[in-house]
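Please explain how this structure is built, for a reader who has not met it before. A guided account in running paragraphs would be welcome.

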Amino acid sequence: MNHPHPYPHFTHNMPKSIPTKSLTIPQPDIICQTSKSQPTPNFNFMSGLEDLRRFPKAQAVRPGFEPQCLRQKAYDHRKQLYAMLTASLPSANLHSLIHNKDPSTERFTPAHPPSYPPAQSTSHLLTFLTPSSTKTDHLPNPPKPPLDLSSTRFGSFGGQFAPELQIEALHSLASTFQSTITTDSFWQTYHAHTPFCPTPLHLAKNLTHRATGATIWLKREDRNPYRSHRARSIVGQILFAKRLGRREIVTDCGSACHGIACAGLCAQLGLKCTVYMGVDDAARQCAGVLEMQQLGADVVPVETGAGCRTLKAAVNSAIAHSLEDQEGVYYVMGGPIGAHPFPVINRTFQAGVGEEVKVQLARVMGREEDGLPDALVSPLGVGAAATGLFGAFAAEKGVRMVGVEAEGAAPLSGGSVGVLHGCRTMVLQDEDGQIESTQAMSPDMNFPSVGPELAHWKGMQRVEVSAASDEEALEGVRILAEEEDVVAGLSTGYAVAETMRLARELGPGQNVVLLVTGKDDVH
C-alpha cells in the first residue's frame with residue numbers, strides 16, 4: 001500500500017541515499033551570499049551551531065543581500081538536510097559526515113555488563129520499518145482506549161475555564177471524539193498517514209559508557225519525516241477535524257517543524273492551514289517559515305500587547321482565531337493544554353510513544369510481556385513529549401519519570417497554581433496573577449505553563465522535575481552529536497545531563513530511556 005508522503009515537494013528527484021563524500025550542507029554565513037563561486041563547506045555541527053546563533057545579525061549587515069537568494073539557498077539547505085537525516089547512511093559514514101573524522105580512530109566501544117542486550121537483538125530497531133511491517137510484524141495497532149470524557153479534570157487540575165458560548169462546543173467535541181476513536185476506520189486512516197511509527201529505540205552505547213552506569217536508550221522521535229514528536233498528535237487531530245467537516249486548521253508552534261507537519265498534511269487533505277508563531281520564533285526560523293508557506297500555509301507572526309513574542313503569543317492568537325468560527329475552524333493545540341477535552345485529545349495520540357517503548361524494550365530484552373525501564377527522561381516545555389512518554393508508565397510505580405525544564409521557563413519547579421488558556425495548572429505568575437515572561441533558547445521550552453496532567457503527576461509526587469540552563473542544553477546537543485551521531489533539537493539537549501546523572505545513580509544493569517523530541521533548525 002502506497003502511503004502519501006508527508007513532504008510532497010521533496011519527492012521529486014530525491015535520491016534514495018546520499019554518498020558521504022558528495023554531501024555538503026550550506027552554513028548560514030553562506031546562505032545569503034549571491035556569488036556562486038564560493039565553495040560550500042562540509043557540514044560541521046559545532047561551528048554550524050555558532051553560526052546559527054549569529055545568523056540574524058549576519059543577515060542584517062551582509063552587503064549585497066538578496067531575499068530571492070535567501071529563499072532559494074534556504075530551501076536547498078532544508079532539502080539536503082532532510083535527505084541526510086532520512087538516508088540509510090551507515091553509522092560510520094554519518095559520524096565522519098558530522099565530525100570530518102575517521103570514526104575508527106575516534107570512537108570506543110565499551111565492554112557492557114551481561115544484562116546489556118547483544119547488538120543483533122537491537123539492529124532491527126535502528127532502521128525505518130516499512131508500513132506493512134510496522135502494522136503487522138512489530139507493534140499492534142494503537143489501542144482504542146475506553147476513555148471516560150465525562151470527567152474534565154486530572155485531580156484538582158484541568159477543567160473548562162472557558163467563555164459560556166464555548167462550553168457547549170467543548171461538550172460536543174468531547175462526545176464526538178470519544179465515539180470517533182472507538183471506530184476501526186479512523187485508526188486505519190491514522191495508520192495510513194503515520195507510516196513512520198514506530199520510531200526507533202536506539203541503543204546509546206557510547207553515551208552509556210560515558211555515563212558509566214545504567215544502559216541508556218534513545219527514543220528517536222527525530223527519525224520521523226516531520227522531525228517532530230508532535231507529528232502523532234498533529235496527524236490524529238487533523239484527521240479528526242476532517243471527519244468533523246472542518247474547513248480550516250489553526251495551530252500554534254514554537255519549533256517550525258510542528259507547523260511544517262501541520263501544513264504538509266493540510267495540503268494533502270485540501271484544508272486551509274493557518275500557523276501562528278511568536279515574532280521572535282519566526283525570525284529565528286526563516287527557512288521553516290518559508291517551507292510552511294511553500295506548502296500553502298498562512299504563517300502569522302504575532303506578539304501580545306505586553307510584549308510577549310514567543311510561543312505564548314502564538315497560543316493566544318490561535319485560540320482567538322478558532323473562536324471566530326467554531327463550526328468551520330479546528331484548533332490543533334500543540335501541547336496537552338487548554339480546556340477539556342484538548343489535553344485528553346493530545347494525550348491520546350501522543351501515548352503511542354510510551355506504548356512503543358514498552359514493546360520495543362520487551363523485545364530487545366527477550367521478554368514476552370511489556371518491557372519496563374527503570375527510568376524515563378523527557379524535556380518538558382508545554383508537555384506533549386513528556387505526556388506521551390510517561391502516560392504508558394504512570395501506573396508502574398517502579399518506573400521513575402523525570403522531566404527537565406529550562407531554568408528560565410520552569411512552571412513545575414518555580415510556578416504556582418493558576419488558570420491559563422482554559423485550564424487550571426502550574427503557571428509562572430506574579431502576586432497579582434499576571435503571567436511572567438520566560439526565557440529559554442529552545443522555542444518549545446519557552447512557555448509559562450505546563451499540561452494539567454503533568455501538574456497532577458507532580459502534585460502526587462509521581463514525576464520528578466529538574467531544571468537545566470541554556471548552556472547545559474547546548475552541551476547536551478553537542479554530547480549527543482559526538483557520542484551517538486544524533487543531531488537533536490535544543491529541547492532534547494536540556495535533558496541529556498540529567499539522563500547521564502540518573503544513569504550513574506542507578507548503576508549497571510538498569511535501563512534509562514531518553515526521549516529525543518525532534519530536530520529543529522533554530523537560528
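**A guided path through the fold**

Strand β5 (residues 248–252) and strand β6 pair in the parallel sense, over 5 bridges. The model described here is a predicted one. Within this pairing, threonine 251 has valine 275 of β6 as its bridge partner. The two strands belong to a right-handed β-α-β unit, made by β5, α12 and β6.

Strand β6 (residues 272–278) also deserves attention for its surroundings, since 6 of its 7 residues are buried. A further parallel pairing links β6 with strand β7 (residues 298–302), again described by bridges, 5 in number. Valine 275 takes part here too, with valine 299 in β7 as its bridge partner. Valine 275 can thus be followed from threonine 251 to valine 299. As a general point, the side chains of a regular strand alternate between the two faces of the sheet.

The helix of the β-α-β unit leads to the next topic, helix packing. Two packed helices are described by the angle between their axes and by the distance between those axes. Helix α12 (residues 256–269) packs with helix α14 (residues 286–294) at an angle of about 10°, and their axes are 9 Å apart. Angles under 35 degrees count as roughly parallel, and α12 is therefore roughly parallel to α14. On the α12 side, the contact is made by Ala256, Gly259, Ile260 and Ala263, while α14 contributes Gly288, Glu291 and Met292. Sorted by class, the contact of α12 with α14 has 4 nonpolar residues, 2 polar residues and 1 charged residue.

Glutamate 291 is a residue of helix α14 and is one of those that make the contact with α12. Is glutamate 291 buried or exposed? Its relative accessibility is 3%, so glutamate 291 counts as buried. Between glutamate 291 and glycine 259 there are 9.4 Å in space, C-alpha to C-alpha, although the two are 32 residues apart in sequence.

Another sheet can now be considered. It is open and formed by 6 strands, in the order β3-β4-β14-β9-β10-β13, with mixed pairing. Strands β3 (201–203) and β13 (463–468) stand at the edges; each has a single partner strand, so one side of each is left without a neighbour in the sheet. From one strand to the next, the twist averages 25°. Inside this order, strand β4 (residues 215–220) and strand β14 (residues 511–516) run parallel and are joined by 6 bridges. Threonine 215 has asparagine 511 of β14 as its bridge partner.

Several loops lead into the strands of this sheet. The loop between α22 (490–506) and β14 holds glutamine 510. Glutamine 510 is partly exposed, as its relative accessible area is 26%. Leaving aside neighbours within four places in sequence, glutamine 510 is in contact with Ala214, Thr215 and Asp374. Thr215 is thus a contact of glutamine 510 as well as the bridge partner of asparagine 511. Proline 373 lies 137 residues from glutamine 510 in sequence, yet their C-alpha atoms are 7.5 Å apart in space.

Two other loops each contain a residue with an unusual backbone description to note. Threonine 212, in the loop between α10 (205–211) and β4, has a positive phi of about 50° although it is not a glycine. With a relative accessibility of 58%, threonine 212 counts as exposed. Glutamine 461 belongs to the loop between α20 (452–459) and β13, and its phi is positive as well, near 60°. Glutamine 461 is exposed, its relative accessible area being 73%.

Cis peptide bonds are the next feature. One runs from cysteine 197 to proline 198, with omega near 0°; proline 198 is placed in the loop between α9 (184–193) and β3. Another joins histidine 340 and proline 341, where omega is about 15°. Proline 341 lies in the loop between β8 (329–332) and α16 (342–350).

The account ends in a helix. Serine 233 is placed in helix α11 (residues 231–244) and is buried, with a relative accessible area of 2%. Which residues does serine 233 touch, not counting those up to four places away in sequence? They are Asn346, Phe349 and Gln350.

Definitions and conventions: Residues numbered from 1 in each chain as written. Predicted model: local features only at pLDDT ≥ 70, side-chain atom pairs only at ≥ 80, totals over all residues. Heavy atoms only, no water. Axes fitted to C-alpha atoms, helices over the stretch in contact; angles between N-to-C directions. Helix = DSSP H or I, 4+ residues; strand = E, 2+ residues; numbered from the N terminus. Parallel < 35°, antiparallel > 145°, perpendicular 65-115°, else oblique. Contact = heavy atoms within 4.5 Å. Nonpolar A, V, L, I, M, F, W, Y, C, P; charged D, E, K, R; others polar. Buried < 20%, exposed > 50% of the residue type's maximum accessible area, 1.4 Å probe, protein only. Pairing = 2+ DSSP bridges. Right-handed = clockwise from strand over helix to strand, strands pointing away.
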